[in-house]
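Here's a walk through one protein chain, written for someone who likes to keep the viewer open while reading. Load it up and follow along.

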Amino acid sequence: MRARTALLIPLITLVAPVGLVAGCGGDEAAPAVRETPVAGSPTATGTPGSGPLAGKVVVIDPGHNGGNASHPEEINRPVDIITGRKPCNTTGTQTAAGYQEHAFTWDVATRLRPILESKGAKVVLTRPNDKGVGPCITERAAIGNKAEADAVLSIHGDGAAPSGHGFHVIMPGLIKGHNEAVIKPSRRLGRDVRDAYREGTGMPYANYTARNGLQTRTDLGGLNLSTRPAVFIECGNMRNKGDAAKMSDPAFRQRMAAAMADGIERFLKG
């Protein structure tokens, strides 16, 4: 996510030129009509059932989207993230072989969803497929807020220097007057996801950023604007040869999804 990093409002909403940047982190043009995922749309999947997570709501945010690159005027529109202004969305990064971050995050998210549903959780995705544009980071946060999510996990792949490897989890930093209530639960969610991910995948903590696999930031809209416990996971460095090989392997992506599910379950049962 090196270059990247909502009110569940009516299904069709007006969104001016928008965007998250490759790795996350213009001038505004005429508004365009875009779909915003809402509860009850194809992004709202599963129903509360029996199992250890029955009655829990989990929002999964697959970073970026497949149509972002072809709509720069939309994804580059600046939006307010409390601590500043950022592009509405971005294109994400990719491996040297061309495996795109948006495709990676979508694949992992769709593997994670049925695992959580099998445990009884209701799962909401922030986008319905990997062909659309956006939604904006503000909208993604609002989806979790409106769903009253018990946990929000935003999935990304990093685009750091090729020499760096490993994963890390990003937690919200304190923004006084805005997110005091979610700081502690988000940090617990971050630790639980970090521990389960390392145990389940064997991947090391990132050696180029964060500390012991954990990082706190106040420049990510998806975290700043969340009123629910929320974290980002950078599943590995897509520019690193070793990490890229793992992230490009479907079997390993299944391990990643299973590990994330374990971390979320630990948090929700804790």
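The notes below go from the whole chain to its cores, its rings, two strand residues and some backbone oddities.

## The chain at a glance

First things first: this is a predicted model. Mean pLDDT for the protein chain is 87, with 82% of its residues at 70 or more. The weak stretch is residues 3-44, where pLDDT stays under 50. The model still has 170 contacts beyond four places in sequence for that stretch, so to speak on paper.

As for the overall make-up, the protein chain has seven helices and 13 strands. It has 270 residues, and 55% of them count as buried. Its accessible surface comes to about 10600 Å², and carbon and sulfur atoms account for 51% of that.

## Two nonpolar cores

Nonpolar side chains in soluble globular proteins tend to be buried together. Here, the largest nonpolar core has 38 residues, and the ones with the most contacts inside it are L112, L116, I155, I233 and M260. Which elements each supply at least two residues of this core? On the strand side they are strand 6 (57-62), strand 9 (122-125), strand 10, strand 11 and strand 13 (230-237), and on the helix side helix 2 (101-118), helix 4 and helix 7 (250-269). Helix 7 gives the most, with nine residues.

For a closer look, try L116. Not counting residues up to four places away in sequence, L116 touches L53, V58, I60, A121, V123, A261 and I264. There's also a second, separate core of 11 residues, with V59, A149, L223 and A230 among them.

## Rings and a charge

The structure holds three aromatic pairs. In one of them, Y99 and F104 have ring centres 6.4 Å apart and planes at 90°, so this pair is edge-to-face. F104 is buried, at a relative accessible area of 0%.

F167 and Y205 make another pair, with ring centres 5.8 Å apart and planes at 65°, so this one is edge-to-face too. What does the pair tie together? F167 lies in the loop between strand 10 (151-158) and strand 11, while Y205 lies in the loop between helix 4 (180-201) and strand 12 (214-217), so the pair joins parts that are 38 residues apart in sequence. F167 counts as buried because its relative accessibility is 0%, under the 20% cut-off. Ring pairs link F167 and Y205 with Y197 into a cluster. R198 adds a charge to the scene, lying over the face of Y205 at 4.1 Å from the ring centre.

## H168 and L214

Right after F167 in the numbering comes H168, which sits in strand 11 (residues 168-172). Is H168 buried or exposed? It's buried, with a relative accessible area of just 1%. Leaving aside neighbours within four places in sequence, H168 is in contact with D158, A206, Y208, T209, A210, G213, Q215, F232, I233 and E234. One of these, I233, is also among the residues with the most contacts inside the largest nonpolar core.

L214 belongs to strand 12. How far is L214 from H168 in sequence and in space? They're 46 residues apart in sequence, but 5.6 Å apart C-alpha to C-alpha. H168 and G190, for their part, are 22 residues apart in sequence and 9.4 Å apart in space, again C-alpha to C-alpha. G190 turns up once more in the list for L214, which touches V169, M171, G190, R191 and R194, not counting residues up to four places away in sequence. L214 has 16% relative accessibility, so it counts as buried, given the cut-off of under 20%.

## Backbone oddities

Most residues other than glycine have a negative phi, and most peptide bonds are trans. A few spots here go the other way. The peptide bond from G134 to P135 is cis, with omega near -5°, and P135 is found in the loop between strand 9 and helix 3 (137-146).

Then there's H64, which isn't a glycine but has a positive phi of about 70°. H64 is in the loop between strand 6 and helix 1 (72-75), and it's buried, with a relative accessible area of 0%. N212 isn't a glycine either, and its phi is positive at about 55°. Look for N212 in the loop between helix 4 and strand 12.

Note on methods
This is a predicted model: local features need pLDDT of at least 70, side-chain atom pairs count only at pLDDT 80 or more; totals for chains, interfaces and linings use all residues. Side-chain values use heavy atoms; hydrogens and water are left out. Helices (H or I, at least four residues) and strands (E, at least two) are DSSP runs, numbered from the N terminus. Buried means under 20% relative accessible area, exposed over 50%, partly exposed in between (1.4 Å probe, protein chains only). Contact means heavy atoms within 4.5 Å. Accessible areas come from the Shrake-Rupley method with a 1.4 Å probe; for residues, only the protein chains shown count as cover. Rings of Phe, Tyr and Trp (its six-membered ring) pair if their centres lie within 6.5 Å; planes under 30 degrees apart count as stacked, over 60 as edge-to-face and the rest as tilted. A charge sits over a ring if NZ of Lys or CZ of Arg is within 6 Å of the ring centre and within 35 degrees of the ring normal. A nonpolar core is a set of buried Ala, Val, Leu, Ile, Met, Phe, Trp, Tyr and Cys residues joined through side-chain atoms within 4.5 Å. pLDDT is the predictor's confidence in each residue, from 0 to 100.
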